Structure formats: C-alpha cells, structure tokens
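Grab a viewer and work through these exercises at your own pace. Try each task before you read its solution.

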Amino acid sequence: MKQLNAKILSNEKVGTAFYKMRLASSYLAKLAKPGQFVEIRCSKGTAPLLRRPLGVHRVSSLGIEVLYEVVGKGTEIISNKRAGEDLDIIGPLGNGFDLELGSDVNILVAGGIGVAPLMALAEGLSVKKSRKIHVLIGARVKSHVMCEGEFKALGCAVKVTTDDGSRGYKGLVTELLKKLLATHKVKTYLPDFRGITVYACGPNAMLKSVAAIAMEHGIPCQASFEERMACGVGVCLGCPVKVKSPEGYKMVCKDGPVFDAGEILW
Ligand SMILES: Cc1cc2nc3c(=O)[nH]c(=O)nc-3n(C[C@H](O)[C@H](O)[C@H](O)COP(=O)(O)OP(=O)(O)OC[C@H]3O[C@@H](n4cnc5c(N)ncnc54)[C@H](O)[C@@H]3O)c2cc1C
Ligand code: FES
C-alpha cells in the first residue's frame, strides 16, 4: 500500500447518480485484489477533510476502475473530476476476498452499490472456466441496477430484484438467495450444499441476513463491509465490527473489509 497520484483516464456517468472512473497506475494494476479498496483525497483543500473509500471494481493491465454512487459532498467532488487530472489516492487497502475459497458453484450477492467490488471478484473467479457463477443483484429501483450486462458478458447467471418490482423480482435479494439454494438442492439431489461458496457485499442488514442463510445451510460465506471510515489504515479505531474471538472487535479497514461470516458477532 502507498500514497500515489493516479492519472484519471475517464470518469463517466453510467446511471442516474452512478459513475465509473478508470485510473492509470501500474502499481495498482500489479497489486490490487478483488475486495480491496482505495482511499481517495477528494480535493486539494481541507473540505472534505477525510479521504473517501471506494472498492476496486476492476483491475486491468493499466490500473483499476472504481464504480461509485454520488451520495454526498465527497463523491460529488470526485464525480466532477476530468480525464487527464491526477487523483491522490492511498491503496490498495484492506484484505480482499479469498478466491481460494471459490467452489464449483459461487453465489455473489450484491445490495445496492455493493455490486461494485463483486465485478472484480467475478472476473477473478471466472479465470477457472469450470466454475459456475451466479450473481444476485438487489437494487432499490430499476435505474439503480448496475453491471447486469457486464456480469452476463462474463458468463455469469444473473438475477435481479428491486424493492418496487420495477425490474426483475420484487423484494429482497436474500429471498432470491433462498430460492436459488432451494432450486440447487432439487437439481443436484445432493443431501447438503458442498461445493458452494457465497460472497456478499452491501448494507449491514443484508450481510447479516445473507450470513444467516449461508450458515444455516453450512455454506462458507465471505461478507464485505462498507462501514463508514476515517483513517482507513487501522489507526483511528473508527470502523469497528464485533467479532466472536477474544479481542471482541476488528477494524473493517485493516482486518477487512472482507470477513468470514462465521467470524462476525452479528
Ligand atoms: C471499504 C469500502 C468500500 C466502498 N466502496 C464503495 C464503492 O465501490 N462505491 C461506492 O459508491 N461507495 C463505496 N463505499 C461507500 C463510500 O465510501 C461512501 O458512499 C462515501 O464515502 C460517501 O462520501 P460522501 O462525502 O459523498 O458522502 P457523505 O457526505 O460522507 O455522506 C452522505 C450520506 O451517505 C451516507 N454514507 C456515507 N458513507 C457511507 C457508508 N460507508 N455506508 C453507508 N452510508 C454512508 C452518510 O450517512 C450520509 O447520509 C465504500 C465504503 C467502504 C468503507
Ligand atoms: S478507519 Fe480508522 S481504524 Fe478503520
């Protein structure tokens, strides 16, 4: 991990309030892993003071791509940056997804902008061609469904759900997960769920529910947290998550953002 100036190659609007930014950095191209993130300095001044964390959406030979939603001042400033400008970032940070845990069948569950890091994960998992990758995308409304086409182009089986039913199923993405697991059991006639891994990224309530479903079925599950952060490197103790081990807490930025679901005290 280091602080660097990455050249912005493009920063395009890809949805109502969604943007994709491509950053040139041979350092990040070499080192960034699915599930890791970068801390971006939004402006040269002091407002906003804190850097903003964004997940690695894609890794290429040129650098990385981030996919982000404009929700406040920091992301709005980032969305106004232009190709050719330098961006002050620290990264790659945190511990990413464990690709070794990848099974014959992998189920990626995304809630909202939690879809962003799952693209890099799907690309990483799909290197092994025999792997089946299901992607379940949950969004509030149709216009917030991101990356459906890209996942399909990668060969993933994609299902979408929206809160209002404006696209795909109506309801929670966790209901899709339950349905998929039930279908899998019928199709394979397997008495258990060996050979499946679940990966999830999204709001805490969704992660808790996905973890409960996975653990109930005895399926390994990795969950990526999007906790609010300050320093991003484990110094300020501002991003704790409760764990079952004796230390009681771990820091999302340093020990995560990806954790084994069984490790967390939900
Ligand atoms: C490890 C990690 C990876 C992330 N990856 C991505 C990503 O790939 N794409 C993306 O769009 N976002 C991602 N986020 C969330 C992103 O960092 C925040 O949306 C961003 O920092 C908000 O900054 P802002 O100044 O625009 O909004 P602020 O003005 O700080 O906040 C605006 C509103 O958003 C809420 N908010 C801010 N941060 C968060 C958060 N972390 N979780 C939930 N609500 C929040 C605030 O409560 C407030 O209501 C990630 C967060 C973490 C910790
Ligand atoms: S943000 Fe400072 S310890 Fe995690």
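**Exercise 1. In which loop is K244 found? Then work out what K244 touches away from its sequence neighbours.**

Keep in mind that you're looking at a predicted model.

Step 1: Place the residue. K244 sits in the loop that runs between β14 (240-242) and β15 (249-251).

Step 2: List its contacts, skipping anything within four places in sequence. That leaves G262, E263, I264 and L265.

Step 3: Compare sequence with space for one of these pairs. K244 and E263 are 19 residues apart along the chain, yet their C-alpha atoms are 5.9 Å apart.

Step 4: Look for a polar atom pair. The K244 side chain gets to the backbone oxygen of G262 at 2.9 Å.

**Exercise 2. Describe how the two domains meet, from the overall split down to a salt bridge.**

Step 1: Set the bounds. The domain assignment splits the protein chain into domain 1 (2-93) and domain 2 (99-263), with C-alpha centres 22 Å apart. Domain 1 puts 19 residues into the contact and domain 2 puts in 22.

Step 2: Get the area. About 1800 Å² is buried between domain 1 and domain 2, and carbon and sulfur atoms give 64% of that.

Step 3: Count the polar features. The rule picks out two salt bridges across the interface of domain 1 and domain 2, and it also finds four residue pairs in polar contact there.

Step 4: Break down the domain 1 side that touches domain 2. The strands β2 (18-24), β3 (37-40), β5 (58-59) and β6 (63-69) each bring at least two residues to it. β6 has the largest share, with three residues. By type, this side of domain 1 has 11 nonpolar, four polar and four charged residues.

Step 5: Zoom in on a salt bridge. K20 pairs with E150, and their closest N and O atoms are 2.3 Å apart. The cut-off for a salt bridge is 4 Å, so this pair qualifies.

**Exercise 3. Which residues come nearest to ligand 1, and which polar atoms do they use?**

Step 1: Shortlist the surroundings. There are 21 residues around ligand 1, and the ones that come nearest are R52, P53, T75, E226 and R228.

Step 2: Check the ligand's oxygen atoms. R52 places a polar side-chain atom 2.7 Å from an oxygen of ligand 1. P53 works through its backbone, with an N or O atom 2.6 Å from an oxygen of ligand 1.

Step 3: Check for nitrogen. A polar backbone atom of E226 lies 2.7 Å from a nitrogen atom of ligand 1.

Definitions and conventions:
Residues numbered from 1 in each chain as written. Chains lettered and ligands numbered in written order. Predicted model: local features only at pLDDT ≥ 70, side-chain atom pairs only at ≥ 80, totals over all residues. Heavy atoms only, no water. Domains from an automatic or database assignment. Contact = heavy atoms within 4.5 Å. Buried area = accessible area lost by both parts, 1.4 Å probe. Salt bridge = Lys/Arg side-chain N within 4 Å of Asp/Glu carboxyl O. Polar contact = N/O pair within 3.5 Å; in protein donor to acceptor, adjacent residues only side chain to side chain. Helix = DSSP H or I, 4+ residues; strand = E, 2+ residues; numbered from the N terminus. Nonpolar A, V, L, I, M, F, W, Y, C, P; charged D, E, K, R; others polar. Near = heavy atom within 4 Å.
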